[in-house]
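I opened a new notebook page for this structure. I wanted to look up how two of its helices pack and where its salt bridges lie.

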Amino acid sequence: MELYENSIKPETAVLVTLDTGDFDAEASLAELEELARTAGAEVYAKVTQKREKPDPATFVGSGRLREIKELCENADIDLLIFDSELTPSQLRNIEKETDVRVVDRTTLILDIFAASARSSEGKLQVELAQLKYSLPRLTGKGTELSRLGGGIGTRGPGESKLESDRRHIRRRIHSLETELAQLEKRRERHRERRKKDGVTAVAIVGYTNAGKSTLLNTLTDAGVFVEDKLFATLDPTSRALKLPDGRNIMLIDTVGFISRLPHKLVEAFKSTLEEAVSADLILNVCDASNEEYEEHLSVTNDILKELGVENKPVLNVLNKCDKAENVFTLPENDKNVRLSALNGTGLDRFFECMAKLLPNPRKSVKLLLPFNLGSAAAEIRKAGVVSFEEYRPEGIYIEAVLDETGFKKFRNFELKVENS
């Protein structure tokens, strides 16, 4: 388990959620526990309260808050983690009542992002999101800031920036937005260059910890960092891949999604996620061994819609089938494929489905070229995938896979029935 800096032991946390009936509280709480583990916390207890809506002052009812306070005092709890976004007043009131540091779901996710960001752009995006989220929560902070010296929820811009005046923070936000806008223009130029060069882009998206990076590593030997934690990969990674049908594509790994991902975070990473918007094909990867895998697919599709990704081909990739014990309710067809990125099971079918969904589909042909068209044979070898070739008395016989352009160019030499 990863420990945060300057800490002797993991922080002990109590998780708190409200069951309002708006979402699956049990599944969300389990996900929050995994987020807490990823951040380096040790979960001591989980508290659930059924209410029609959150208390405007303390989120949970006053009676339940007293119980939480007693629990924290008796067990020497370091941290309270709430499975929703708290208002500034709720956060202050809970901390004042319990005398325990409080973080909400958004702060926790941002903290994990801050620990996971590797690229300069990723770090800028995280800092921007943290400052925008912290700005309205600075008013009236007193004892809370004295506890910001270390621990979950304090990674990223750091205590010195949070203690600065609001005007300085706004200047920093403006500076970050300007810098990220310049980086976005550079990325847009790269995308335009890819399109101009005819490069086919395939974006790998999906729920966090679904095995996206493992799939990229299996397909391309990318060497991307893989860990059994949420948001282990934050920065996009691109790698070239030659498909079995001869096409060269660019695979792009993106940040993982999560249920109830705050809109602020989607906005913060929009420039990164736009790689999916511009892709020719989207691979929606999910962990098929998770009972909630259909919900995870749905969450990803909803976020893609929010990003404006419509009318693009999507291949649902049911990964980790080597561990899956559940009965699949999604039929396996050209838009749903099962595989194990870890051991390579199902990759042949995966490539077959990709080939059908990618633009400019390929066709298997048998050609007989006259001997005086030897240059054409060389062109076919370069542009397509030749599986068999031999010289026959009547000409050069070739079995190949060609794209639509190549097929149209050489269709007059196609053999409908092989006469060998």
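The entries below cover one helix pair and then the salt bridges.

Entry 1, the model. I noted at the start that this is a predicted model.

Entry 2, a helix pair. I looked up helix H1, residues 25-39, and helix H4, residues 105-116. Their axes are 9 Å apart, and the helices pack at an angle of about 40°. I therefore wrote down H1 and H4 as oblique to each other, since an angle counts as roughly parallel if it is under 35 degrees and as roughly perpendicular from 65 to 115. I also checked the hand of the crossing of H1 and H4, and it is left-handed.

Entry 3, the contact. Which residues make it? On the H1 side I listed Ser28, Glu31, Leu32, Leu35, Ala36, Thr38 and Ala39. On the H4 side I listed Arg105, Leu108, Ile109, Asp111 and Ile112. I sorted the residues of this contact between H1 and H4 into seven nonpolar, two polar and three charged.

Entry 4, salt bridges. How many does the structure hold? I found 18 salt bridges and looked into some of them.

Entry 5, Glu33 and Lys46. These two form a salt bridge, with 3.0 Å between the closest N and O atoms. Glu33 belongs to helix H1 and Lys46 to strand S2, residues 41-50, so the pair ties together parts that are 13 residues apart in sequence. Are the partners buried or partly exposed? Glu33 has 30% relative accessibility and counts as partly exposed. Lys46, at 44%, also counts as partly exposed.

Entry 6, Glu177 and Lys132. I found a salt bridge here too, its closest N and O atoms being 2.9 Å apart. Glu177 sits in helix H8, residues 166-196, and Lys132 in helix H5, residues 120-134, so this pair ties together parts that are 45 residues apart in sequence. I looked up the accessibility of both partners. Glu177 is partly exposed at 35% relative accessibility, and Lys132 is partly exposed at 42%.

Entry 7, Glu390 and Arg392. Their side chains meet in a salt bridge at 2.5 Å, N to O. Glu390 is partly exposed, with a relative accessible area of 28%. Arg392 has a relative accessible area of 10% and is therefore buried, as buried means under 20%.

Entry 8, a network. I closed the page with Asp334, Arg349, Glu352 and Lys356, which a network of salt bridges links.

How values were computed: Residues are numbered from 1 along each chain as its sequence is written. This is a predicted model: local features need pLDDT of at least 70, side-chain atom pairs count only at pLDDT 80 or more; totals for chains, interfaces and linings use all residues. Side-chain values use heavy atoms; hydrogens and water are left out. Axes are lines fitted to C-alpha atoms, for helices over the stretch in contact, and angles run from 0 to 180 degrees between N-to-C directions. Helices (H or I, at least four residues) and strands (E, at least two) are DSSP runs, numbered from the N terminus. Angles under 35 degrees count as roughly parallel, over 145 as roughly antiparallel, 65 to 115 as roughly perpendicular and the rest as oblique. A crossing is left-handed if the near helix is turned anticlockwise from the far one by less than a right angle, and right-handed if clockwise. Contact means heavy atoms within 4.5 Å. Ala, Val, Leu, Ile, Met, Phe, Trp, Tyr, Cys and Pro count as nonpolar, Asp, Glu, Lys and Arg as charged, and the others, Gly among them, as polar. Buried means under 20% relative accessible area, exposed over 50%, partly exposed in between (1.4 Å probe, protein chains only).
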